[in-house]
Amino acid sequence: MSKEERVKNVNDEIINKLDKVNSLKELNDLKVEYLGKKGKVTELSSLMKDLDNDEKKKYGKLLNELKTNINTKFDTIKQNLELEEINKKLEEEKIDVTLPSTTINVGTLHPVTRVINEIEDLFLSMGYDIAEGPEVETDEYCFEKLNLPKDHPARDMQDSFYINAERLLRTQTSAVQARVMDANKEKSAIRIICPGKVYRREEDATHSHQFTQMEGLIVDKNISLADLKGTLEVFMRKLFGKDRQIRLRPSYFPFTEPSFEVDISCYKCNGEGCSLCKDTGWIEILGAGVVHPNVLRNCGYDPDIYTGFAFGLGIERVAMLKYGINDVRMLFSNDLRLLNEVNRIEGGDLDETK
Ligand code: FA5
């Protein structure tokens with residue numbers, strides 16, 4: 001058989017096989033069989049070496065035509081097969097829009113956030129502003145300005161996380177009182193609440209190392225204890241129901257004089273005595289008092305002109321009472337059962353997480 005005939009045979013053979021190719025793999029195998037290192041076309045090229053120049057030219061041309069022809073066919077078939085594959089994939093992955101959807105879990109507000117929001121709404125409606133301060137606080141604002149000099153024994157009441165001798169994680173939002181009074185250059189009247197995280201070295205069912213406080217402060221002319229009592233009554237009735245009575249018990253805070261622990265009449269037994277109020281009829285809820293003249297003086301206010309009251313309560317304790325939670329640490333454990341239960345009590349203003 002002549003070389004030309006061999007070329008034609010290979011061409012016919014390959015065209016015949018290409019017609020039957022069904023997949024990219026088969027196509028690739030065929031390519032190796034004919035155009036690979038030991039392929040049939042490569043074999044035909046090896047015949048060149050025995051030819052004289054004229055014949056080399058003719059035969060070379062023929063081989064080039066064969067190669068071009070085969071390559072073009074390969075490319076066309078490859079493109080078609082790829083297109084087929086894409087279409088098949090698209091067909092298989094078609095989305096059935098009539099299938100029922102999966103439930104999307106929607107979050108709810110954390111109980112601590114709910115209590116903060118409720119208190120903020122009330123005090124904003126009474127004309128208070130919201131003030132914030134740093135969580136890494138100076139000893140000066142956390143204690144000294146608040147009438148607690150460095151050697152004051154009352155510092156023992158708040159076991160603190162110090163960063164260095166002058167800086168600590170604030171132990172009380174009362175630090176914001178001092179900051180706001182200090183920053184008020186006109187030394188005019190102040191009416192603020194200060195929500196925020198505070199830190200103490202404590203840990204048990206009712207004490208967490210990190211918790212949230214809400215501070216309240218009024219500084220103005222002619223502010224008296226009666227104003228404090230009236231404000232706290234409105235405050236406690238908003239949080240725990242309109243029938244709540246409050247009781248002020250003398251206490252001690254270095255930054256207020258006189259100072260009080262404030263109790264509310266038990267909302268479970270209405271003052272009769274039950275397990276929640278330990279049969280006393282009262283539940284301790286916050287600390288408060290009339291701003292100490294030294295604090296006013298330390299922050300640039302004249303105590304002969306200005307007076308004020310302040311209070312501070314623990315948000316987690318309020319949340320525990322409102323929602324019947326008996327361990328403060330549950331509020332930080334991310335247990336969805338607790339969050340769902342609180343959401344249910346509050347009437348599910350957001351979708352329940354399933
Ligand atoms: C204070 O921190 C005062 N700064 C409050 C105050 C402000 C008094 C203004 C007068 C004027 P006390 O240490 O009692 O007070 O804390 C206030 C409230 O924070 C407590 O009643 C309690 O509800 C809450 N609390 C205290 N320690 C913890 C703790 N470790 N974990 C959770 N809540 C706590």
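Glu 118, Ile 119, Leu 122 and Phe 123 in helix α5 meet Thr 231, Val 234, Phe 235, Lys 238 and Leu 239 in helix α8. Sorted by class, this contact of α5 with α8 holds 6 nonpolar, 1 polar and 2 charged residues. As you turn the view, please keep in mind that this is a predicted model. Helix α5 covers residues 111–125, and its axis lies 11 Å from that of α8, with an angle of about 140° between the two. That angle makes α5 oblique to α8. If you like to track handedness, α5 passes α8 in a right-handed crossing.

Helix α8 is a good guide to the next part of the fold. Made of residues 225–240, α8 lies across β6, β7, β8 and β9, and it runs at about 145° to β8. Strand β9 takes in residues 307–314.

So what is the order of the strands in this sheet? Reading across, you meet β1-β4-β5-β9-β8-β7-β6, which gives 7 strands in an open sheet with mixed pairing. Which strands stand at the edges? They are β1, at residues 129–130, and β6; each has a single partner strand, so one side of each is left without a neighbour in the sheet.

Let us start from the β6 edge and step inward. Strand β6, residues 246–253, runs antiparallel to β7, and 7 bridges join the two. Between β6 and β7 there are 2 residues, and the pair forms a hairpin. One register point to find on screen is Ile 246, which stands opposite Ile 264 in β7.

Strand β7 itself, residues 256–265, is mostly covered, with 8 of its 10 residues buried. On its other pairing, β7 is joined to β8 by 8 bridges, and these two strands are antiparallel as well. Strand β8 consists of residues 282–291. Here the register can be read from Phe 260, which stands opposite Ala 288 in β8. While you look along these strands, a general point is handy: in a regular strand the side chains alternate between the two faces of the sheet.

The backbone around β7 deserves a careful look if you check torsions. Most residues other than glycine have a negative phi, and most peptide bonds are trans. Against that background, the peptide bond from Glu 257 to Pro 258 is cis, with omega near 0°. Pro 258 lies in strand β7. Further along, the loop between β7 and β8 contains Asn 270, which has a positive phi of about 55° although it is not a glycine. Lys 278 sits in the loop between β7 and β8 too, and its phi is also positive, at about 50°, without the residue being a glycine. Is Lys 278 buried or exposed? Its relative accessibility is 68%, and because exposed means over 50%, Lys 278 counts as exposed.

Past the end of β8, have a look at His 292. This residue is in the loop between β8 and α9, the helix of residues 293–298. With a relative accessible area of 16%, His 292 falls under the 20% cut-off and is therefore buried. Which residues does His 292 touch, leaving aside its neighbours within four places in sequence? The contacts are Asn 147, Pro 254, Phe 255, Thr 256 and Glu 257. Glu 257 is a residue you have already met, at the start of the cis peptide bond to Pro 258.

For the last stop, move to the helices α1, residues 3–19, and α2, residues 24–35. Their axes come within 11 Å and cross at roughly 170°. That makes α1 roughly antiparallel to α2. On the α1 side, Val 10, Glu 13, Ile 14, Lys 17 and Leu 18 meet Leu 27, Leu 30, Glu 33 and Tyr 34 in α2. The residues of this contact divide into 6 nonpolar, no polar and 3 charged.

Val 10, in helix α1, ties this region together nicely. At a relative accessible area of 8%, Val 10 is buried. Setting aside neighbours within four places in sequence, Val 10 is in contact with Tyr 34, Val 41, Leu 44 and Leu 66. How many ångströms separate the C-alpha atoms of Val 10 and Gly 230? The separation is 106 Å, for two residues that are 220 residues apart along the chain.

Note on methods. Residues numbered from 1 in each chain as written. Predicted model: local features only at pLDDT ≥ 70, side-chain atom pairs only at ≥ 80, totals over all residues. Heavy atoms only, no water. Buried < 20%, exposed > 50% of the residue type's maximum accessible area, 1.4 Å probe, protein only. Helix = DSSP H or I, 4+ residues; strand = E, 2+ residues; numbered from the N terminus. Pairing = 2+ DSSP bridges. Contact = heavy atoms within 4.5 Å. Axes fitted to C-alpha atoms, helices over the stretch in contact; angles between N-to-C directions. Parallel < 35°, antiparallel > 145°, perpendicular 65-115°, else oblique. Left-handed = near helix turned anticlockwise from the far one by under 90°. Nonpolar A, V, L, I, M, F, W, Y, C, P; charged D, E, K, R; others polar.
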